[in-house]
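Hi,

Here is the structure I promised to pass on. Have a look at it first, and my notes follow underneath.

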Amino acid sequence: MESKPAELATEIALEQQHFDLARKHRERARAELGEVPDAAANAGAGRRLAVFRRSRKEAIAPPEEQVAFGRIDCLPADPPGRSGVDDTFYIGRETVFDDQRQVLVVNWQTPIGALYYESTHEDPRGLRRKRTFHCDGNRIRDFDDVVFAQLATAVAALAEAGPDDALLAELDRGRTGTMTDIVATIQGAQSRLIRSPLDQLLVIEGGPGTGKTAVALHRVSWLLYNHRDRLRPQDVLVVGPHPAFTRYIRTVLPSLGDADVVQLDIDQLAPPVQRGRPEPAQTRRIKGEARMARLLARALENRVGTPEPAERMLFDGTFLTLSGVEVAAAVASARQAGGPYAQRRQRLRAQLADLVRARGGPTDPERLGPVENLLERLWPLQSAAAFLRALLGSRARLAGAAGDEFTADEVALLHRRGADKLSEQIWSNADLPLLDELEDLLNGVQRRYRHVVVDEAQDLSPMQLRAVARRCPTGSLTVVGDLAQSTGAWARDHWEEVTEHLPAVLPQVVVGLRYGYRVPRQVYELAAELLPVAAPDIEPTRAVREGPADPGIHVVEPAERAGRAALVAKDHALGGRFVGIVCPAACRSELEFALHANDLQWGRADQGELDHPINLVSPQEAKGLEFDAVIVVEPEEIVAEDDRGHRLLFVALTRTIRYLDIVCSGDPLPVEPGPDVTARIPRQRAVIEPDPDPTVDMTQLDRLAEDLATLITGNTPTSMWDEVLHRTAALLDTRADRPRPTGRHRRD
Ligand SMILES: Nc1ncnc2c1ncn2[C@@H]1O[C@H](COP(=O)(O)OP(=O)(O)OP(=O)(O)O)[C@@H](O)[C@H]1O
């Protein structure tokens, strides 16, 4: 600190004056926006201004929020682009002017904001001092100073400039199921990625919790601010892996003032159809391959018919004949024309109408019914869903389109019986990119974006990547992911396996983040034991902070596993923590039963919900999510669930910001296959032995039962004992407000 304790109060008071002044002017700006629509020249302009006013007002921080989180003092005559007059800048979420247009607070997205994030003792970037405020609302409690000149003498202590208090406080904040922005605590390496150029394909890689998603979202906000001449919020698409993730991140951009960015999960790129059809892994894999795009294109071309030697049509009682040769020429020219199927169909229609007119047929389009019939026979109207259902349902059509790119076995894997009615067809996840590809072949992409962010990109199939690529012809993309977390049918080991399916029009850059902000050191060290098996080439991240406790390892009998997991979850939830239970499919029903039996409500990530204190997620859905406390159920089953199961377990173990518990009857950390469970538990790790029932004293329970039996035997004939017990159970159910009476005392 530059200030001595005696001077601190005076210094805080001075800073507070500036904060109060800036807040006064921020509120003035909000009030002035209320007057804008009245000044509009006409109703349309008024509406546009109202929209502008609303979005601007939403972008203005609420009155209670602090106006700035930092301040930088430049060395004399060295502020960027200025002449040394103002050498102090307050950095906040938005620029605040006074009524003379003097800047009171500078927006974090400006080059001056960059100085705040990126200055270090090694490269102070022309700064003398950097100050970080600690506030309650807009009231300053305290501040930390980094005085760069002083640091020169203490470089060793600050080498690597470890996490500051503001960052640690932010990381320790309890989670709620929605991600928040990190504007006040962006770190230097993150800032450089956020501010890197728009015109590139940028891959941001890094271990779990290194801030990849946070960086990508702040990058969007920064790009929108700094390229507002050519990038509007609706020109940007953010693609996530599944609905729970999209819901988890959905508030970050609006909180940064960028509400209109389009955020979808990868499946939402496809046309809306009924989903949920299970499918064998082999079929999923084939459907994800890029050669499927060629199969679909050939299948569509195969649907184009061949004309008869002479095409006879009846117009108003008169026959008119077109020769097969001239119709075939029109079809050939439509085939060769570029563009989607529907557009080329229009072209054929126009050509056929011209031929009919040239033979003296009608000119009125209303009277060209026979041309429409011929067109429908030669170039039938198609919808993506109807076409794909028919294609997958026909071995002959599949074989015809497969060419020599697919074996007979592969064609057999693709073939399936479709539902009787199109409206009853249930589609698999691997069908969705096929439908999207077909939609493009038939009608062309409806919506294109100037910049696209793809999160958890390491798992996407080539067909999914094609769906992303065609929406981004500029090639300006931010691709986010971690190869060590790459699982499923398309588990990757190199980024080129992903980027080769994306537009190659701009330079490609892969940049890594190395510091782990989410996962506490103790938890990361445990999870990292998997890395030599899961992803030997990946460099481990460096966890920036300690957790409150070592991971809890609960080895129990199989019958007790679910109950124990439910109780551990309950304990965490009672402690006010946001809890995630990562549960493999094999244990899912027993766990749901145990949660129910313990009267616990839970959120289901498979339904896009993370809205309960306790949430149930599959290891696959856990990607990208985080919780205060995570309970990982039966690691051996998680490993068994995927060809790259160790990576899936690595994902599961790295979802916590504070507590981790593993509840299992098998090996808690199956680093390599082996029967000896206990030998696999790392030596220094505490194993929590199961007790008979962690919540109930059994002796006391027996005594209570004895008392009850004495009471019943003393007051009721033997024939009524069961009835008394039944009524007692019903009373207990009512008192406990159980949704479903247990009636468990009944022996029948
Ligand atoms: N500079 C920062 N200041 C405060 N919090 C941060 C910072 N960087 C990251 N975090 C927090 O760390 C957590 C992990 O960030 P994020 O989800 O972006 O990581 P990730 O690399 O995408 O993780 P995963 O690979 O697991 O998806 C989030 O809670 C995020 O807000």
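Let me start inside the sheet: strands β12 (residues 451-454) and β13 (residues 477-481) run parallel and are joined by three bridges. Within that pair, V454 stands opposite V479 of β13. Please keep in mind that this is a predicted model.

A helix lies on this sheet as well. Helix α8 (residues 212-226) packs on it, with contacts to β7 (201-206), β8 (236-240), β12, β13 and β14. The direction of α8 makes about 165 degrees with that of β13.

Which order do the strands of the open sheet follow? The six strands are arranged as β9-β8-β12-β13-β7-β14, and the pairing is parallel. β9 (262-265) and β14 (508-513) form the edges, each of them pairing on one side only. From one strand to the next, the twist averages 15 degrees.

The other element I looked into is helix α14. With 18 residues (341-358) at 1.5 Å a residue, α14 should span 26 Å, and its end C-alpha atoms are indeed 26 Å apart, so expectation and model agree. Its buried residues are Y341, R345, L348, R349, L352 and V356. Viewed down the axis of α14, these buried residues fall within an arc of 105 degrees, which means that they line one face of the helix. On the face turned away from that buried side you will find the exposed residues A350, D354 and A358.

What do the buried residues of α14 pack against? Their partners are four helices and a strand, listed here:

- helices α12 (291-302) and α13 (324-336)
- strand β11 (318-323)
- helices α15 (369-378) and α19 (431-443)

After α14 comes G360, which has a positive phi, near 90 degrees.

Now for the wider setting. UniProt, in an unreviewed entry, lists residues 185-520 as "domain: UvrD-like helicase ATP-binding". Over residues 185-520 the chain is 43% helix and 13% strand, and the C-alpha atoms at the two ends are 18 Å apart.

As for the protein chain as a whole, it has 29 helices and 23 strands. Of its 748 residues, 39% count as buried. Taking contacts between residues at least 6 apart in sequence, 74% join residues at least 24 apart.

Happy browsing, and best wishes!

Notes. Residues are numbered from 1 along each chain as its sequence is written. This is a predicted model: local features need pLDDT of at least 70, side-chain atom pairs count only at pLDDT 80 or more; totals for chains, interfaces and linings use all residues. UniProt positions are given in the numbering used here, feature names are shortened, and annotations may be inferred rather than shown by experiment. A residue is buried if 20 or more other C-beta atoms lie within 10 Å of its own, exposed if 12 or fewer, and partly exposed in between; C-beta atoms are placed from the backbone. Two residues are in contact if their C-beta atoms, placed from the backbone, lie within 7 Å. The expected span of a helix is 1.5 Å times one less than its number of residues. The arc is that of the directions from the helix axis to the C-beta atoms. Two strands pair if DSSP finds at least two bridges between them. Axes are lines fitted to C-alpha atoms, for helices over the stretch in contact, and angles run from 0 to 180 degrees between N-to-C directions.
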